[in-house]
Amino acid sequence: MAMARDFDSPWKETLDLFLEAILQMFFSDIHAAIDWSRGYEALDKELHAVVAEGELGSTLADKLFRVYLRDGMDVWILVHVEVQSQPDPDFAQRMFVYHYRIRDRYNRDVASLAILGDERETWRPTEFERSLFGCELRFRFRVVKILDWARKAEVLAASPNPIAPIVLAHLQSLETNRNPEARLQSKWQLIRGLYGRGLN
C-alpha cells in the first residue's frame, strides 16, 4: 500500500489545480466539449456522501467535478476522475458502483474516467459486466495508462501542458523505485526542466 500513499495524494492535488490541463492531455475529446469559460466546481462533499453510503474504502485520490458543456444548453455533467496506483481486482466494480450511485443521487450524466498509475503493463480494466438468465449489464469507462507515456518522453519534455512534468515525475518514480541514486538524478533533471519551462 505504500505506493498508493506515495502517488495518490499528489495526484489529488494535481486534479484540484489542473483539471482542464489533465483532460486536455489525457481525454482531449472531453476537454473540447466543456465550456471552460464557465469554470468548474469540485464536489468533494458530494462524492464523500456517495462513497460513505457504500463503504467503498479509501477515496484519497477520487475527485468529482461539475462542468458545463459547449452545446449551449444549460446542463452539467459530473466527471469522476480516479487515480489508481496499484492493481485492484475489484477496481472495475468500484468504478461501476461510483457511477451508478452518482447518477442515482443527482440524476445527471456521469463521465467515469480512470488514470492508472501502476507498474503492470497488462492491467487495463475498462469495463464491468454481469449477466443472469438473459439479463445483462455492461458498464464501460475511460482509462489512461501512465506507463503508455513512457514511450513519449520527448513529447512530454517539449509539451507546454503543466501536466507533462507531473507525468514525467510519476514515470521516473516508477523507474527509480529502490534506486536512491538514480532517483536523486531524476529529481535534478526534473527540476532543471521546470526552470527551463519558466516555472518555479
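## The salt-bridge network around R151

R151 is exposed, with a relative accessible area of 63%. Through salt bridges that share partners, R151 is joined with E121, R124 and D148 into one network. Please keep in mind as you read that this is a predicted model.

Two of the links in this network can be followed atom by atom. The side chain of R151 meets that of D148 in a salt bridge, at 3.4 Å from N to O. D148 also forms a salt bridge with R124, and here the closest N and O atoms are 2.6 Å apart. Because D148 sits in the loop between β7 (142-145) and α5 (153-158) while R124 sits in the loop between β4 and β5, this pair ties together parts that are 24 residues apart in sequence. As for exposure, R124 counts as partly exposed, at 35% relative accessibility.

## Another salt bridge, and the total

How many salt bridges does the structure hold? The count is 13. One further example is the bridge between R103 and D109, whose closest N and O atoms are 2.6 Å apart. R103 is partly exposed, with a relative accessible area of 37%.

## Aromatic rings

Let us turn to the rings. The structure holds nine aromatic pairs. One of them is formed by F96 and Y100, and it is tilted: the centres are 5.0 Å apart and the planes make an angle of 50 degrees. Both residues belong to helix α4, where they are four residues apart, about one turn of the helix. This spacing fits a general rule: an α-helix has 3.6 residues a turn, so residues three or four places apart point the same way.

Is F96 buried or exposed? F96 counts as buried because its relative accessibility is 16%, below the 20% limit for that class. Y100, at 36%, counts as partly exposed. F96 and Y100 also take part in one aromatic cluster, together with F91, W123, F128, F139 and F141.

## Positive phi angles

A few backbone angles deserve a look. As background, most residues other than glycine have a negative phi. N107 has a positive phi of about 55 degrees although it is not a glycine. N107 is placed in the loop between α4 (91-106) and β4 (110-116), and it is exposed, with a relative accessible area of 62%.

F133 is not a glycine either, and its phi is also positive, at about 55 degrees. Where does F133 lie? Its place is the loop between β5 (127-132) and β6 (135-140). F133 is exposed, with a relative accessible area of 80%. A glycine with a positive phi can be found as well: G198, which follows α7, has a phi near 80 degrees.

## Helix α7 and a nonpolar patch

Helix α7 has 17 residues. From its first C-alpha to its last, α7 reaches 24 Å, close to the 24 Å expected at 1.5 Å a residue. Y195 is found in this helix, which covers residues 180-196.

Which residues form a nonpolar patch on the surface with Y195? They are L184, W188 and I191, and the patch has about 440 Å² of accessible area together. Y195 itself is exposed, with a relative accessible area of 58%.

## Q172 in helix α6

Q172 is part of helix α6, which runs over residues 163-175. Q172 is classed as buried because its relative accessible area is 17%. Which residues is Q172 in contact with, leaving aside its neighbours within four places in sequence? The contacts are S186, Q189 and L190.

## A42 in strand β1

Our last stop is A42, in strand β1 (residues 41-42). A42 is partly exposed, with a relative accessible area of 35%. Not counting residues up to four places away in sequence, A42 touches K63, L64 and F65. A42 can also be set beside L19: the two are 23 residues apart in sequence, and their C-alpha atoms are 9.8 Å apart in space.

Note on methods. Residues are numbered from 1 along each chain as its sequence is written. This is a predicted model: local features need pLDDT of at least 70, side-chain atom pairs count only at pLDDT 80 or more; totals for chains, interfaces and linings use all residues. Side-chain values use heavy atoms; hydrogens and water are left out. Helices (H or I, at least four residues) and strands (E, at least two) are DSSP runs, numbered from the N terminus. Buried means under 20% relative accessible area, exposed over 50%, partly exposed in between (1.4 Å probe, protein chains only). Contact means heavy atoms within 4.5 Å. Patches are made of residues with over 30% relative accessible area and no salt bridge: like charges are joined within 9 Å, nonpolar side chains (Val, Leu, Ile, Met, Phe, Trp, Tyr) within 5 Å. Accessible areas come from the Shrake-Rupley method with a 1.4 Å probe; for residues, only the protein chains shown count as cover. A salt bridge is a side-chain nitrogen of Lys or Arg within 4 Å of a carboxyl oxygen of Asp or Glu. The expected span of a helix is 1.5 Å times one less than its number of residues. Rings of Phe, Tyr and Trp (its six-membered ring) pair if their centres lie within 6.5 Å; planes under 30 degrees apart count as stacked, over 60 as edge-to-face and the rest as tilted.
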